[in-house]
Structures are given as structure tokens and as C-alpha cells.
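Dear colleague,

Please find below the structure that I promised to hand over to you. My notes on it follow directly after.

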Amino acid sequence: MGEMIGYARVSTAGQKLDIQTAALTGAGVDLAHLYKEKASGTKRQGRDALEDMLARGIRKGDTVVVTRLDRLARSSRDLHNIAHKLEDKGVGLKVLEQNIDTTTPAGRLFFTMLGAIAEFETEIRKERQREGINAALAKGKDSPFKGRPPSILRADVEAAIAEQGSKAAAAKALGISRDSVYRVMRLPS
């Protein structure tokens with residue numbers, strides 16, 4: 001019987017690994033065999049702890065333990081690649097919250113189905129997000145993606161330049177940067 005190797009991941013630096021760590025150690029993972037990282041799950045790049053675990057941290061007979069499948073991967077392709085790597089090394093996979101154990105035929109089937117569902121949910125979320133952005137952009141000037149309205153008008157800048165004699169003096173008189181003067185002057189009249 002091999003070791004239980006834990007893997008915990010959160011997506012952003014502001015999130016904490018405490019809950020996953022407690023669940024994994026409660027399931028029998030020794031802290032010395034726990035790989036943790038704060039990295040996005042949608043990309044394999046930058047997930048150094050996962051790569052280290054897969055390359056050097058597991059041996060035949062070990063079992064990788066995670067709290068949920070989406071902690072391991074967000075696409076079924078990546079999930080299947082990881083699963084094949086584990087299988088090739090003779091390593092099992094246990095997912096605590098979804099009660100998956102790939103050392104059994106039923107566990108492998110359930111694992112495959114959940115991976116497909118997780119990828120489907122990610123794709124649906126991306127579609128809804130894109131639809132929302134497109135709808136906001138279609139609103140035109142009322143769209144939140146258009147930036148804030150200018151705080152100074154071109155006519156005011158032109159008047160200040162005429163009165164002060166230079167763009168630098170106009171910027172000082174208006175209390176804005178010289179770059180702002182040039183930027184406003186590039187806008188259509």
C-alpha cells in the first residue's frame with residue numbers, strides 16, 4: 001500500500017487553502033505529502049506544485065487525493081491527461097466531495113462523467129459572460145466598457161491654450177497634465 005498524496009489549489013492569491021488542507025489531512029493525507037498552490041485551474045502553465053507532484057511526488061501504489069475534481073483541472077482534456085498519467089504510474093485518484101475512487105471500474109466511469117460535466121459548466125459560464133459583455137457593448141455610450149466620460153472638454157483646453165499661449169501653460173492653468181492636454185487635442189472637435 002502506497003502513500004496518500006494530497007493536492008490543494010485555489011484560483012487567486014486572496015483565497016485560502018485552509019478548508020482543503022483540513023479535509024485532506026482529515027482523510028489521512030500527511031502534511032509532508034500535501035502539494036498546495038494558488039493558481040488558475042483553467043491553464044496547466046504555472047501550476048508548479050501539480051507538475052512537481054506528477055513528476056516526482058507519486059509512486060506506484062500511491063493515491064492522489066483532492067477535495068473536488070475542479071481543484072485538479074477545469075477541462076476534461078486536462079483531467080483525462082492527468083488521469084492517464086496517474087494510471088500509467090499505477091497511482092489511484094480519490095475525490096472526497098464527489099466520492100470518486102478510480103481504483104474501481106464504477107469510480108472510473110463516474111470520474112469520466114463528472115469531468116465532462118465540469119467542462120460543460122465552464123463552457124456555459126464563458127458563453128454567458130461573453131453574451132453579457134456583448135449586450136453591454138451593444139448599449140453604446142451607456143456601456144460600462146466605454147470608460148468614463150472626459151473630465152475636461154476640448155473647447156476648454158483650446159480656450160486655455162489661446163489665453164495662456166502654450167500647451168504647457170494651459171495644462172498648468174487647468175490643473176491637468178501636459179499629456180492630458182495633448183490627449184484632449186487629439187479628440188475630434
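In this predicted model, the buried residues of helix α8 pack against α6 (154-164) and α7. The buried residues in question include Ser180, Val181 and Val184. Viewed down the axis of α8, its buried residues fall within an arc of 105°, so they line one face of the helix. Arg178, Asp179 and Arg186 lie on the other side of α8 and are exposed.

The packing of α7 with α8 can be described in further detail. Helix α7 comprises residues 167-174 and helix α8 residues 178-186; their axes are 8 Å apart and meet at an angle of about 105°. Because angles of 65 to 115 degrees count as roughly perpendicular, α7 is roughly perpendicular to α8. On the α7 side, the contact is made by Lys167, Ala168 and Ala171, and on the α8 side by Arg178, Val181 and Tyr182. By character, the residues of this contact divide into four nonpolar, no polar and two charged. Two residues of the contact thus appear in both descriptions of α8: Val181 is buried, whereas Arg178 is exposed.

Helix α6 contributes one residue to these notes, Ala160. Ala160 has a relative accessibility of 10% and therefore counts as buried, the cut-off being under 20%. Leaving aside residues up to four places away in sequence, Ala160 touches Gly165, Ala170 and Leu174. The C-alpha atoms of Ala160 and Gly57 are separated by 68 Å, and the two residues are 103 residues apart along the chain.

I turn next to helix α4. Its 13 residues, 76-88, should span 18 Å at 1.5 Å a residue, and the end C-alpha atoms are 18 Å apart, which agrees. Which residues of α4 are buried? They are Ser76, Asp78, Leu79, Ile82, Ala83 and Leu86. Seen down the helix axis, these buried residues fall within an arc of 160°, so they line one face of α4. Arg77 and Asp88, on the other side of α4, are exposed. The packing partners of the buried residues of α4 are α2 (48-57), β3 (63-66), α3 (69-72), β4 (92-95) and α5 (105-138). Just after α4, Gly90 adopts a positive phi of about 75°.

Gly90 also appears among the contacts of Asp62. Asp62 is placed in the loop between α2 and β3, and it is buried, with a relative accessible area of 3%. Not counting residues up to four places away in sequence, Asp62 touches Gly2, Glu3, Ile5, Gly57, Gly90, Val91 and Gly92. Asp62 and Leu93 are 31 residues apart in sequence, and their C-alpha atoms are 8.7 Å apart in space.

A further positive phi is found at Asn99, where the value is near 50° in a residue other than glycine. Is Asn99 buried or exposed? Asn99 has a relative accessible area of 69% and is exposed. Asn99 lies in the loop between β4 and β5 (100-101).

Yours faithfully

Notes: Residues numbered from 1 in each chain as written. Predicted model: local features only at pLDDT ≥ 70, side-chain atom pairs only at ≥ 80, totals over all residues. Heavy atoms only, no water. Helix = DSSP H or I, 4+ residues; strand = E, 2+ residues; numbered from the N terminus. Expected span 1.5 Å × (residues − 1). Buried < 20%, exposed > 50% of the residue type's maximum accessible area, 1.4 Å probe, protein only. Arc of directions from axis to C-beta. Contact = heavy atoms within 4.5 Å. Axes fitted to C-alpha atoms, helices over the stretch in contact; angles between N-to-C directions. Parallel < 35°, antiparallel > 145°, perpendicular 65-115°, else oblique. Nonpolar A, V, L, I, M, F, W, Y, C, P; charged D, E, K, R; others polar.
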